[in-house]
Amino acid sequence: MADATADLAAEPTGRLTTADGRPLKTALARAQARARRRAFLLVLPLLLFILVTFIVPIGQMLHRSIHNDGFSANMPLLSQWFARTEPGTAPDEAAYAALAADLQAAAKAKTVGVVGTRVNYEMPGTRSLFTSTGRKARGFEPPYREAILQADPKWADPTLWGTMRQVSQAYSPNFFLAAVDLARDNEGNIVQAPPERRVYLMLFQRTFLIAGLITVLCLLLGFPVAHLLATLPLRASNLLMILVLLPFWTSLLVRTTSWIVLLQGQGVVNNTLVATGLITDQNRMQMIYNQTGTIIAMTHILLPFMILPLYSVMRPIPPTYVRAARSLGASSWTAFRRVYLPQTLPGIGAGALLVFILGVGYYITPALVGGASGQLISNLIAFHMQDSLNWSLAAALAAVLLGLVLILYWLYDRLVGIDNLKLG
Amino acid sequence: MKTALVLSSALTAVAFAASAEEITVMSWGGAYTVSQVEAFHKPFTAATGINVISVDADNPATPLKAMVEANNVSVDVADVNTSDAVRLCDEGQLEEIDPASLPPAPDGTPATEDFLPGALSDCAVGNIVYSMVVAYDASKFPDDKPATIGDFFDTAKFPGKRAMWKSAKTTLEMALMGDGVPAAEVYDVLGTPEGVERAFAKLDSVKGQIVWWEAGAQPVQLLADGEVAMTTAYNGRIFAAAVTENKPFVAIWDGQVYEYDLFVIPKGAANLEAAKKFVAFATGTQPLADQAKWISYGPARKSSGPLVGLFQDGKTEMAPHMPTAAANLTNALPSSYEFWVDHEAELAERFNAWLAN
Amino acid sequence: MVSSTRNDGFVVFEHVQKSYDGESLVVKDLNLAISKGEFLTMLGPSGSGKTTCLMMLAGFETATHGEIRLDGRPINSVPPHKRGIGMVFQNYALFPHMTVGENLSFPLEVRGIGKADREQKIRRALDMVQMGAFANRRPAQLSGGQQQRIALARALVFDPKLVLMDEPLGALDKQLREHMQFEIKHLHETLGITVVYVTHDQGEALTMSDRIAVFNDGRIQQLAPPSDLYERPQNSFVAGFIGENNKLPGTVEEIAEGRALVRLATGELIDATPVNVSRQGQKTLVSIRPERVEFKPEMLPPNAHLIDAEVMEFIYMGDIFRTRLKVAGSEEFVIKSRNTLGQRMLEPGEKIRIGWAPQDARALDPL
C-alpha cells in the first residue's frame, strides 16, 4: 500500500504523476494507444474489404443516379451554349453551329449513340435522330441551321431543344423524378408522368406491402417452430434445426422450381385437390404466376431468417419465467403475452427486419413465380440493369429503395430501439 | 536439379499456351452454345491451334457493357442480338470489323453480298437467324389446329392458357399481327400512338390468360407441363423439344418475328487479332451451314442455305425448320433494330406499367 | 410439537407417486400433512425427489398417482395459476423487461385488482422487504440479495396462504444467505403464512423450519422438528445427512431398558441407546455427535464406558477446537470442544480416554 502511493507522486498542482514524473493521464493514454493501434490493425482488413465491396459500390450507385454525362461530355460546345443562354431561348445559328461541330466530333469518336441514348431516356424516339444525323455530320457547312434541318426537320422541335437543355447538365435529378413517376415538361416544371407510364410508385407500394405480409407470415409460422426448437431437448432440437436449415443448403432456383412443380395449374397440389374431389378439373386454383406464388415461395425462402434470430433469443430464456408468471396467477396465454413474448422482442425485431429487407430486395423468385401481378420493384431495377441498360434509372430506383428502407430502419429505432435487436 | 528443370520448362509451356493461343467467346448457353462449340470452336481450334474458351451469360450484351465501361475486358468475342450490337457500336464499345476481311462464298461472291440484308454492320457479323414463333401442343387441339398468329389471340376458338415473353419487344409486334396488321406494316403502325394503343388493346383481350416467361427454356417447360396450350418461343427450342424429345409441339410460322445473332468484339479485347480470325472463320459458309446440324436456326449467309443438311439424328431434314425457308417467310417480320433503339425505353416502360397494373 | 398439536392438514400429500419415464419412481408413496402457518422444509440431496414434490404442489408437474389437497380441496387438476400459491424460484425469475414495481404489480393485475389497491399493496410489500426505494429499478440493476427480496415481495404481494420456495438462497454468498434466512423466518412469523421450503443446505433447514422432511431416494426418511432431527435421527441416513456424526460399527451385546451395550469390531464395549435395534446379536452403527464426546472423566456420568483414543490432529478453530482421534481402529473419529476458559488443547500423539452419555450414542441400522 505504502509503495503504491509512493509511486504515484502528486505534482504541486495536484495532478497525479507516475514514478518517473510523467502525468498519469498521458502515461495511461500512451499505454492504451498501443493496444488500440493493434486492435485497429486487426480490423483494418475488414474495414478495407467493406470499403471496397460495400461503401464504394453504393457510393458509385448513388452517384450514377444523379450523374449522367452522356450528353454533356460528348456535346461540349452545345452544352456551353445551353449554359450561356436562358432556358426557353430559341436556338440561334450559334447553337446550330455548336450542334454541328459536336455531332461531327462525336461521330468521329463513335459517341453519337451515347448522346442519343441519353436524350432518348427523356424523349423517346430521338436516338435514331442523333445517329442518322451523326452519319451525315461530316458534310455540314454553314449556314448550319439550314444544313441540319435539311438533314432532318425534327431538329426544329422546341421540345427536343428543351430536353437537350435538361440533359446538358451532367448532374440532374431527372432519374429520381422518373423513379417516382414524375417528369419535366418543356419549361422544366415537374409534372406527373402520363398515367400509362406510371408504374414505380405503385410497385414501391406493392413491394413494401408484400414484403410486410411475408414478414408477418414468417413470424406467424416461424415463432412456434423457434419456440419448439428452443424448448426441445438438445438432440431433438438439433435434428429439427437441420430441417430448418435444409432449405439453406439447396439452391434458390431448385427451391423456386419445386414450388412451380407443386403449385402450378397441373401441379401436385391442384392434382391432389382434383383427385380428392375438393375442386373440379375446370376450377383448378391459380396459385402461381401471380402474387400468391410470390408470397408463398418467398415466405418459404425467408423463413429461416426469421427462425434463427428468434431461436437464439428464445434458447436462453429459462422456463422459470413462464412458471413464475403462472404461479403469480397468469393464465398460460397471459403468461405468454406479458412475460414470454416481450422477452422475445429483440428476436422478433431482428427477424422481421432481416426478412423484410431481404424481401424488399428479392427479384429472382418474383421473376420466376410472380407472373405479372407478383412483380416487385427489384424486378424493374433488374430490368433496367440488364435489359434497357438504363443504369442511371436503375441506380435512382435502388437509391429510393435504399432511402425507404433506411427510413423504416429509423422508424424501427424510434419505436423499438435498435439496441433491442439480437441477430444471434 | 533435374526436377527443377523439368518443372520450369513445363511451367513455361503452360504459360505460353495460356498467353498466346487462347480466346474467350461469350454466348447465350444451352443448346445454342453447344451448336457453336461443335460448328465453330472445335474446327477453329483444329485449323489454327487457337484454343477457345466458352462462357455463357443470360444476355452477353449486359456483361459486355459493364466490362468495357470498367475497362476490364475478359472476353474477346461475344454473341449479341441486333439491337444490342447497333447500340453498343454506336456507343463506341465495340471494335469495328471490316466486311472485306470476311471470306467470300465458295463461288466467289464477296461477303458483303453473300450475307442476308442487315446481317452485316460496322461492328458486327451475323451468324444465325432466329425467330420468335407461336407454338402449340397438338394434343390440346385434337380437331381444329391453330394456324395463324390470329389464332393465338383467339381464346374463344382455341381455349387454353397462353405464355408470352415478358418483353415489349416481339410481344407488341405479334399483338398487332394478331390483330390483322400485315407484317410489312407493323412498325409503321407501332410508330404511332394509335398503333401502340391498338397493340395493348389486343394484349388486354388475353391478359388474364397469359403466363409470362423470361428465360428461353421456360415456354417449352410450360407447354410440356400442360400449364399452357400455346406459347411464343424461340423456334430452336420448339424444334429441339419436338424432334429430340418427341413432344407433340408444332410451330406456326405465320407472324414469326426473326432477328440476327451477331458476333461482336468488345473494345479493349485482349486478343484482338485472334478474335478477328475467329469471327471470320466462324461466319464462313461451311461453319454456318454446319451449325444447322445442331440447332434449327438459319444461317446468315445465302451461300450456306443449300449446304444445310440433316439434323444430327441423321434423318430430320433441317431446311423446313429454318426461319429463312421460303415457305416460312410468307408473313414474317424482320425485327427492326432502328425501331427498337428509338422506342425500347418508352415502350418497355409502358409495357412494364401495363403488366404491373 | 407443532405437528402433533394442531395439524389441520392444510396441505396434504396422500400416497403420491411420480414417474417421468414410466420405469422408475422419483417419488415413492409420499404421505405428508402440513398444517396452516407451518414452515416446512424439504431437505435432501439432489435427485431425492424434494423438488419434484414442490413442483407437483405448485402445479408444474402432475402426480402420476395419489392425491394432493390444499385447504381440503383436491388440486391435482387445478392449473397452476388458479392454485393461489406464491412461489420463489432459485434464480428469482424476476421479469427482466419489467421494473420492480411492474413485477409486483403483475400478480395483482392478472387478478383484476384496481390501481389504487395495487399501489398500496405494492408499497406495503416493498416496505416489508425494505426495498421501498427501488420500485422503478429494473431487476438487472439490483444485487443478488436485492433481487431475492423483490422475488419474495412478489410472491407475497397477492397475500397467498401458501408460499413455496425452491432453494431461494442458493445463489447468495454465505453472509447474505444467513441474513436472509432470518428475514424469511421473520416474515413467516409476522404474516402467519404457510411456507414449504426446499433446500439441500441442512444448516438453512435447521435454522428456519418448524419441521423438516428429510428426503432420500424418493421417500421421506424422517419428518421432525429440527432439534429432534439433530438429536434423535431415526436412521443412519438422517444421522449422516444432518450435522457431523461419528459412526462406530459393532454388534449388540446386551439390550435392556432403553440401553444397549455394543461391542465394537476391535473388542471394546460402548454404551448406546437402541433406536433401530431390538435384540442381541444384531449388527448396528452407533452414531455419536462430536460435541457430545467427553475426554475429561469428571464430566461423564458415573457408569459410562470409556474407550482408548489417540490424538491424531488438533485444529484450532476459534470458538471451538476440533480434534481428530484414532478410535477402535478408525482415524476419522472427531470431537469438538468449546474454547472455554481453561479448556485443554490436546497434543497430537497424546493418549486419552473418551466416553459419552448413553442417550447421546444412538444404535442405528447398519446401512
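Analyst: Helices are DSSP runs of H or I with at least four residues, strands are DSSP runs of E with at least two, and both are numbered from the N terminus. Keep in mind that this is a predicted model.

User: OK, start with chain C. How much helix and strand is there in residues 11-242?

Analyst: Those residues are what UniProt lists, in an unreviewed entry, as "domain: ABC transporter". The end C-alpha atoms of the span lie 25 Å apart. As for the make-up of residues 11-242 of chain C, it's 36% helix and 24% strand.

User: Is Tyr92(C) buried or exposed?

Analyst: Tyr92(C) sits in the loop between strand E6 (85-88) and helix H3 (100-110) of chain C. Its phi is positive, about 75°, although the residue is not a glycine. A residue needs 20 or more other C-beta atoms within 10 Å to pass the cut-off. Tyr92(C) has 22 such neighbours, so it counts as buried.

User: And Asn71(B), buried or exposed?

Analyst: Asn71(B) is another non-glycine residue with a positive phi, near 60°. You'll find Asn71(B) in the loop between helix H3 (61-69) and strand E3 (77-81) of chain B. The cut-off at the other end is 12 or fewer neighbours. Asn71(B) has 8 C-beta neighbours inside 10 Å, so it counts as exposed.

User: Staying with chain B, what radius of gyration does it have, and why does that agree with a compact globule?

Analyst: Chain B carries 14 helices and 10 strands, and its C-alpha trace spans about 80 × 45 × 45 Å along the principal axes. A compact globule with 357 residues would come out near 21 Å. That agrees with the radius of gyration of chain B, because the value is 22 Å.

User: What share of the contacts in chain B between residues at least 6 apart join residues at least 24 apart?

Analyst: For background, buried residues make up 52% of the 357 residues in chain B. Now take the contacts between residues at least 6 apart in sequence. Those that join residues at least 24 apart come to 72%.

User: Which two chains have the most contacts between them?

Analyst: Two pairs of chains touch. Chains B and C aren't one of them, with their nearest C-alpha atoms 45 Å apart. The pair with the most contacts is chains A and B.

User: Which element gives the largest share of the side of chain A that touches chain B?

Analyst: In this interface, 35 residues of chain A are in contact with 28 residues of chain B. On the chain A side, the elements giving two or more residues are helix H5 (112-122), helix H6 (127-136), helix H10 (200-231) and helix H18 (377-386). By class, that side has 14 nonpolar, 16 polar and five charged residues. The largest share, seven residues, comes from H5(A).

User: And which element gives the most to the side of chain A that touches chain C?

Analyst: Here the contact takes 15 residues from chain A and 19 residues from chain C. Helix H15 (320-327) and helix H16 (332-361) are the chain A elements that give two or more residues. The classes on the chain A side are seven nonpolar, six polar and two charged. With six residues, the element that gives the most is H15(A).

User: How far apart are the end C-alpha atoms of H10(A), and why does that agree with its 32 residues?

Analyst: At 1.5 Å a residue, H10(A) should span 46 Å. Its buried residues include Tyr200(A), Phe204(A), Ile214(A) and Gly222(A). The expected span agrees with the model because the end C-alpha atoms of H10(A) are apart by 45 Å.

User: Where in H10(A) is the kink?

Analyst: The kink amounts to about 35°. Look shortly before the proline Pro224(A). The residue where the kink lies is Gly222(A).

User: How much of residues 39-58 of chain A is helix?

Analyst: UniProt, in an unreviewed entry, annotates several spans of chain A as "transmembrane region", among them 39-58 and 389-412. Residues 389-412 are 92% helix and 0% strand, with end C-alpha atoms 35 Å apart. For residues 39-58 the ends are 27 Å apart, strand is 0%, and helix is 100%.

User: Which two residues of chain A does a cis peptide bond join?

Analyst: Omega at this bond is about -5°. One partner lies in the loop between H6 and helix H7 (144-151) of chain A. The joined residues are Pro142(A) and Pro143(A).

Key:
Residues are numbered from 1 along each chain as its sequence is written. Chains are lettered from A and ligands numbered from 1 in the order in which they are written. This is a predicted model: local features need pLDDT of at least 70, side-chain atom pairs count only at pLDDT 80 or more; totals for chains, interfaces and linings use all residues. Two residues are in contact if their C-beta atoms, placed from the backbone, lie within 7 Å. Ala, Val, Leu, Ile, Met, Phe, Trp, Tyr, Cys and Pro count as nonpolar, Asp, Glu, Lys and Arg as charged, and the others, Gly among them, as polar. The expected span of a helix is 1.5 Å times one less than its number of residues. The bend at a residue is the angle between axes fitted to the seven residues ending there and the seven starting there. UniProt positions are given in the numbering used here, feature names are shortened, and annotations may be inferred rather than shown by experiment. The radius of gyration is taken over C-alpha atoms; the globule rule is 2.2 Å times the number of residues to the power 0.38.
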